[in-house]
There are 2 protein chains.
Amino acid sequence: MGGTEVDGYERLEDLARRPTIGMVAARAGVSRQTVSNAVNAPSRLRPETLAAVQVAIDELGYRPNQAARTLRTQATRVIGCRLLPSNYGGTGGVLDRLLHALCDTARSNGYDLLTFSTRDDDDEIEVYDDLLRRHAVDGFVLTNTHHGDARPDWLLERGARFVAFGRPWGRRGAQHSWIDVDGAKGTAAAVSHLAALGHTRIGFLGWPPGIGVADDRLAGWERQSRQFGFNTRGLLAQAEDGIASGRALAEELLSSSRPPTALVCVSDAIAIGALRAIEDRGWQAGQEVSVVGFDDSPVASVIRPGLSSLRQPVEAVANQLVETLLTVISGAPARPVRTLLAPRLVVRDSSGERRHRSPGVTASILKRQSQPGTMRPGTTRKEELA
Amino acid sequence: MGGTEVDGYERLEDLARRPTIGMVAARAGVSRQTVSNAVNAPSRLRPETLAAVQVAIDELGYRPNQAARTLRTQATRVIGCRLLPSNYGGTGGVLDRLLHALCDTARSNGYDLLTFSTRDDDDEIEVYDDLLRRHAVDGFVLTNTHHGDARPDWLLERGARFVAFGRPWGRRGAQHSWIDVDGAKGTAAAVSHLAALGHTRIGFLGWPPGIGVADDRLAGWERQSRQFGFNTRGLLAQAEDGIASGRALAEELLSSSRPPTALVCVSDAIAIGALRAIEDRGWQAGQEVSVVGFDDSPVASVIRPGLSSLRQPVEAVANQLVETLLTVISGAPARPVRTLLAPRLVVRDSSGERRHRSPGVTASILKRQSQPGTMRPGTTRKEELA
DNA sequence: CCGAGTCTTTGGATCGTTCATATGAACGAT
DNA sequence: ATCGTTCATATGAACGATCCAAAGACTCGG
């Protein structure tokens, strides 16, 4: 048993010569094509035949040779994706999480993920070129899109298949598909949440303007504050990412004549800096001043007090990216997919229930919130307090 | 020009039908094999022929189809590697850096990196199995080896090619090749460095025993301390990784009857916690108490005071891993490669020159440092105390 | 019992490359 | 001029899968 095979095929155990479709066919007593159908279109086979083939497949441990398959079908079933340092540009581990999610999603869709590391965009385009010419991938997932990004145009002109994580900043009618997280919606939700806690002077610690993500997150704070009728003047401070930077920004606003009682931050690093500034004053974050960060980086849940933060729905993003890319690969869709997903606010102690608050302010705030429209957390909140 | 081709081949610009070796051969007026030789063994061609073929290759932008190549040569030129969360188990971004370095090294050796994400080792073995059966990779790089690791045995039995980053903990005569960083050498260097600064009571904040990496780093501190004649009793504290954890451990040692004046830490997270504990006491890290961390995570250089830390030579590790793996792939070497690389101590303010120190000590210390040779500050120190 | 129609299975050709082998050219020595 | 030797290039056959067109098996009404 299990020794030599029908038709003169070698031993099962011979690893050097791994099973081919021909061996499976011989063992099951059918033709190669039938085995192929069993794998790729089982419905075409009569149940008994399928079962018999399946037995042979299992016994031999057969799986189609990827190279042979690729050669014939012209589909590699591989997705290329640039690898970015996980601590890249204040993304708080989001790209790291995305990469994992992409691996999982790709694999469960029968695709492999090929990663490469590049210094800059030009370098990246060179790698694209290489991979495309060698037929090593079916398509790409782009990350970290930005103003003046040369990659999408290059890929489009080339006729390559790809999807971007990130909007085509500064381009209205980009012809490619993309998925992104709605930063403005996130910071708006943060404002609503803080308003529901009774805050009326809500500041924003942002990155310098000009970068898409920075402007987006800023816009949400501004829009929602205005909608609530809150002042925004003198409540905005901007600087590069970083803990030290956040500390300085927060100190700047907190020491002003009319300081904010809550801070929405463009990143967790900035937010952690803000927490420091609050500690510096001998205050307690979440009490005197509430803080909300962005990206829910791993530290957010570890530090004391826990940092409330906006978590990007990375798994959903990965799903959409892969799903969209597969559609694009299987023949371009009628028109590009453009999807914005909402981040989710994870509330922790840095913006939790306040123990001490002035009753008057609370009441008036809650009145506003009961106005119809967007916000809900306040409404329920109000009833409970009344 | 550049329109239709000799021999009825399609237009150059036709991307759907990318150039094949046949088209290049036709254009250069040679046979397929000659083009193949031009690519794979240029020395076999007469210089003029090579030049002519090269022109045709460049004009058409030809690169060998990877799938066809793989099918024929049975070599995928792809390396598989598991993707770990970058904030995994207190590795302080080392695996993240390693992955980047692997990408670079692999690519410059003509290999691609295929990454996959798995929940646990069993899951990982399943992916190995899938990739091997599908002939999708030539070999693997294992990371995060540990006691009772089932992966190496499985791969060996299977006859798969792989190299591990990390020693086969708890296995003397493992039959596979591995590269690792000598943690003990690192912590020993930290002790020497601190001794050179005049410290004689050097504590160690570690992880719970039983894990290879933890024991390794602990051993270096212990060995080197003993060599200098320093006491180690009451200077060791261990707990799980984390900032909070490090803070508690440091507090424990610092509040003891005979507290340490310096702390070597098993990780940067623990070290950062130690810095906090030092601040808590109103002290200044690098002055009253010096601290050295491990892995030189990105935060180490950002925080104030900067954290001295032991940096793993990740690029060198990646180089060795790929080099070794390629050797293994091209036919197993006579015997497994086993390499230990030394980490490099990056000195920052947390263990810099101390401003205030007792003059007597300073003088004697400095005297010793001016002595030639390796570093015996400890020995001298001891004498001086006697 | 036959033939049309449907479902299942088959054999050969093919994807683009490299391997093994064969052929041709060049050269110096006899 | 002949021969062996080396080097450069050409030819046909793989590699292992899927596509294609067509043959075989089966069902069912006439």
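## Exercises: two helices, one buried arginine and two DNA strands

In this predicted model, Ile21(B), Gly22(B), Val24(B) and Ala25(B) of helix α1(B) touch Arg32(B), Val35(B) and Ser36(B) of α2(B). Keep that contact in mind for the warm-up.

**Exercise 1.** Work out how α1(B) is oriented relative to α2(B), and sort their contact residues by class.

*Solution.* Start with the axes: those of α1 (residues 21-28) of chain B and α2(B) come within 8 Å of each other and cross at roughly 105 degrees. Next, pick the label. Angles from 65 to 115 degrees count as roughly perpendicular, so α1(B) is roughly perpendicular to α2(B). Last, do the sorting: the contact has four nonpolar residues, two polar ones and one charged one.

**Exercise 2.** Decide whether Arg151(B) is buried or exposed, then list what it touches.

*Solution.* First find the residue: Arg151(B) sits in helix α7 of chain B, which covers residues 151-158. Then check its accessibility. The cut-off for buried is under 20% relative accessible area, and Arg151(B) has 0%, so it counts as buried. Now for the neighbours. Leaving out residues up to four places away in sequence, Arg151(B) contacts Arg82(B), Asp121(B), Glu124(B), Ile125(B), Tyr128(B), Leu142(B), Thr143(B), Asn144(B), Thr145(B) and His146(B).

**Exercise 3.** Describe the protein surface around DNA strand C: which residues come nearest, and which helices supply it?

*Solution.* Begin with the count. There are 26 residues around DNA strand C, and the nearest are Ser31(A), Thr49(A), Ile21(B), Gln33(B) and Arg72(B). On the DNA side, sugar and phosphate make up 58% of the strand C atoms that come within 4 Å of the protein.

Then look at the helices. At least two residues each come from α2 (32-40) and α4 (66-73) of chain A, and from α2 (32-40) and α4 (66-73) of chain B. By class, the surface near strand C splits into seven nonpolar, 11 polar and eight charged residues.

Finish with individual atoms:
- The Thr49(A) side chain has an N or O atom 2.3 Å from a phosphate oxygen of strand C.
- Ile21(B) uses a polar backbone atom, 2.4 Å from a phosphate oxygen of strand C.
- Arg32(A) places a polar side-chain atom 3.2 Å from a base oxygen of strand C.

**Exercise 4.** Do the same for DNA strand D: how many residues surround it, and which helix gives the largest share of the nearby surface?

*Solution.* DNA strand D is surrounded by 27 residues, with Ile21(A), Gln33(A), Ser36(A), Ser31(B) and Thr49(B) the closest. Of the strand D atoms within 4 Å of the protein, 59% are sugar or phosphate, and bases make up the rest.

On to the helices. α2 and α4 of chain A, plus α2 and α4 of chain B, each contribute at least two residues to the surface near strand D. The largest share is from α4(A), with five residues. Sorted by class, that surface has eight nonpolar, 11 polar and eight charged residues.

Again, end with the atoms:
- From Ile21(A), a backbone N or O atom is 2.3 Å from a phosphate oxygen of strand D.
- From Tyr62(A), a polar side-chain atom is 3.1 Å from a phosphate oxygen of strand D.
- From Ala68(A), a polar backbone atom is 3.4 Å from a base nitrogen of strand D.

**Exercise 5.** Sum up chain A: how many helices and strands does it have, and what percentage of its residues is buried?

*Solution.* Chain A has 15 helices and 12 strands. Of its 386 residues, 53% are buried. As for contacts in chain A with a separation of 6 or more, 69% join residues 24 or more positions apart.

How values were computed: Residues numbered from 1 in each chain as written. Chains lettered and ligands numbered in written order. Predicted model: local features only at pLDDT ≥ 70, side-chain atom pairs only at ≥ 80, totals over all residues. Heavy atoms only, no water. Near = heavy atom within 4 Å. Polar contact = N/O pair within 3.5 Å; in protein donor to acceptor, adjacent residues only side chain to side chain. Helix = DSSP H or I, 4+ residues; strand = E, 2+ residues; numbered from the N terminus. Nonpolar A, V, L, I, M, F, W, Y, C, P; charged D, E, K, R; others polar. Axes fitted to C-alpha atoms, helices over the stretch in contact; angles between N-to-C directions. Parallel < 35°, antiparallel > 145°, perpendicular 65-115°, else oblique. Contact = heavy atoms within 4.5 Å. Buried < 20%, exposed > 50% of the residue type's maximum accessible area, 1.4 Å probe, protein only.
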